[in-house]
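Trainee: I'd like to go through the terms people use for this one and see what backs each of them up. Can you walk me through it?

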Amino acid sequence: MDLTTTYLGFELANPIMVGACPLGTDADGIRRLEQAGASAIVLPSLFEEEIRAAAMTQFELESTGAGFAEATLGYHPDPDGYHVGPDRYLDHIGKVKAAVSIPIMGSLNGTTAGGWTSYAKKIEDAGADALELNVYYLPVDAKETGEEVERRAVEIVQAVKADVKIPVAVKLSPFFSSIPHLGKKLQDAGADGLVIFNRFYQPDIDIEDLDVVPNLRLSTTDELRLRLRWLAILSGQLELSLAATGGAHTAVDIIKAVMTGAHAVQLVSALLIHGPEHIARTLEAISFWMQEHDYQSIRQMQGSMNLTRTPNPKAFARANYMKMLDSWEM
Ligand SMILES: Cc1cc2nc3c(=O)[nH]c(=O)nc-3n(C[C@H](O)[C@H](O)[C@H](O)COP(=O)(O)O)c2cc1C
């Protein structure tokens with residue numbers, strides 16, 4: 001069975017990648033993911049905030065001496081935590097590259113075009129094969145227009161693409177007024193791929209302590225549907241690579257994402273729950289299903305259910321809305 005696919009110009013052994021998450025923090029763990037069949041790995045993000053904090057400390061050390069720098073320690077990335085700071089991040093890329101042979105993608109996470117985007121070049125120089133840009137941004141200011149929000153993402157891509165030769169994918173949220181139009185603008189700005197979609201972690205409210213409580217929940221398969229719809233809409237209209245992230249847990253999920261147009265599917269929650277070996281079991285199940293249904297290759301399935309090829313394009317768009325509501329029986 002031919003499970004190969006092309007993502008960001010890389011010939012991948014199969015569509016299952018590991019998305020950015022703590023599984024990418026140690027070289028041994030990454031070796032285990034490769035052995036289980038992962039075709040590529042996105043490392044956890046290096047955050048704009050980490051880069052700015054490290055630059056600030058350096059500036060303070062140079063201009064005022066260590067005493068003042070110590071006073072800012074509260075802003076430092078925790079050296080033992082998930083976010084290790086820029087220097088250790090770049091070092092980590094080199095170690096991971098030496099440990100495995102699958103493509104390793106760095107990840108930069110930020111919201112403004114600025115000095116921190118120069119880390120794209122450092123990530124390239126450290127040996128990353130590609131870069132994922134996570135433009136995780138929540139507009140909270142009533143004065144900021146939708147166009148300005150989109151411009152942020154486009155300018156980040158332009159700045160990064162001017163600096164690096166490796167392929168660049170953009171991880172987007174679903175909260176834009178026209179995702180296809182933004183996708184086209186990002187493609188025109190040089191993006192090589194889109195990763196859809198970021199999950200926004202919804203904070204909860206503690207009504208006793210009157211506090212906002214961050215709480216991270218892993219995804220469920222239900223979340224995949226939003227991705228399937230937009231993969232179907234984007235695939236066939238855009239030339240860049242498409243990856244799904246969010247809600248892909250099983251072989252069936254991956255087959256659906258591929259059919260709607262994904263070139264690669266990133267897993268995180270499923271691997272945090274079941275461990276790296278989940279990849280091997282899922283690949284086996286995909287092959288089995290394809291055999292049972294007379295598919296010879298992943299490429300044959302790719303985009304076969306997208307908006308331009310599905311027998312029922314209206315089901316992805318508004319026209320199905322009324323019909324779906326009518327289908328409810330009391
Ligand atoms: C513990 C944890 C850490 C994550 N860290 C990052 C990160 O550093 N950068 C990023 O772009 N996404 C990060 N993500 C989001 C995942 O890459 C992924 O997009 C999301 O979990 C949806 O995929 P899933 O349904 O397979 O979990 C993280 C997710 C989890 C659960």
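Mentor: Start with the ligand: 22 residues surround it, and the closest are Ala20, Ser45, Asn134, Ser219 and Ser269. Bear in mind that this is a predicted model, where local features need pLDDT of at least 70, side-chain atom pairs count only at pLDDT 80 or more, and totals for chains, interfaces and linings use all residues. Residues are numbered from 1 along each chain as its sequence is written, and side-chain values use heavy atoms, with hydrogens and water left out.

Trainee: What makes a residue count as near a molecule?

Mentor: One of its heavy atoms has to lie within 4 Å of the molecule.

Trainee: And how do you know that serine 269 makes a polar contact with the ligand?

Mentor: The term calls for a pair of N or O atoms within 3.5 Å. A polar side-chain atom of serine 269 sits 2.6 Å from a ligand oxygen, so the pair qualifies. A side-chain N or O of lysine 171 is 2.9 Å from an oxygen of the ligand, and a polar backbone atom of glycine 247 is 2.7 Å from a ligand oxygen.

Trainee: How much of the ligand does the protein bury?

Mentor: Alone, the ligand exposes 610 Å², and the protein buries 92% of that. Those areas come from the Shrake-Rupley method with a 1.4 Å probe.

Trainee: Now the strands. Why is β6 called mostly covered?

Mentor: Buried means under 20% relative accessible area (exposed is over 50%, partly exposed in between; 1.4 Å probe, protein chains only). Six of the six residues in β6 (residues 104–109) are buried, so the label fits. Strands here are DSSP runs of E, at least two residues, and helices are runs of H or I, at least four.

Trainee: Which way do the residues of β6 point?

Mentor: Ile104, Gly106 and Leu108 go one way, Met105, Ser107 and Asn109 the other, and all are buried. In a regular strand the side chains alternate between the two faces of the sheet.

Trainee: What makes β6 and β7 a pair?

Mentor: DSSP must find at least two bridges between two strands. β6 and β7 (residues 130–134) have five, in the parallel sense, so they pair. One bridge links leucine 108 to leucine 133 in β7.

Trainee: And why is the crossover between them called right-handed?

Mentor: The chain goes from β6 through helix α5 (residues 119–125) to β7. With the strands pointing away from the viewer, a path from the first strand over the helix to the second that runs clockwise is right-handed, and this β-α-β crossover is right-handed.

Definitions and conventions:
Polar contact = N/O pair within 3.5 Å; in protein donor to acceptor, adjacent residues only side chain to side chain.
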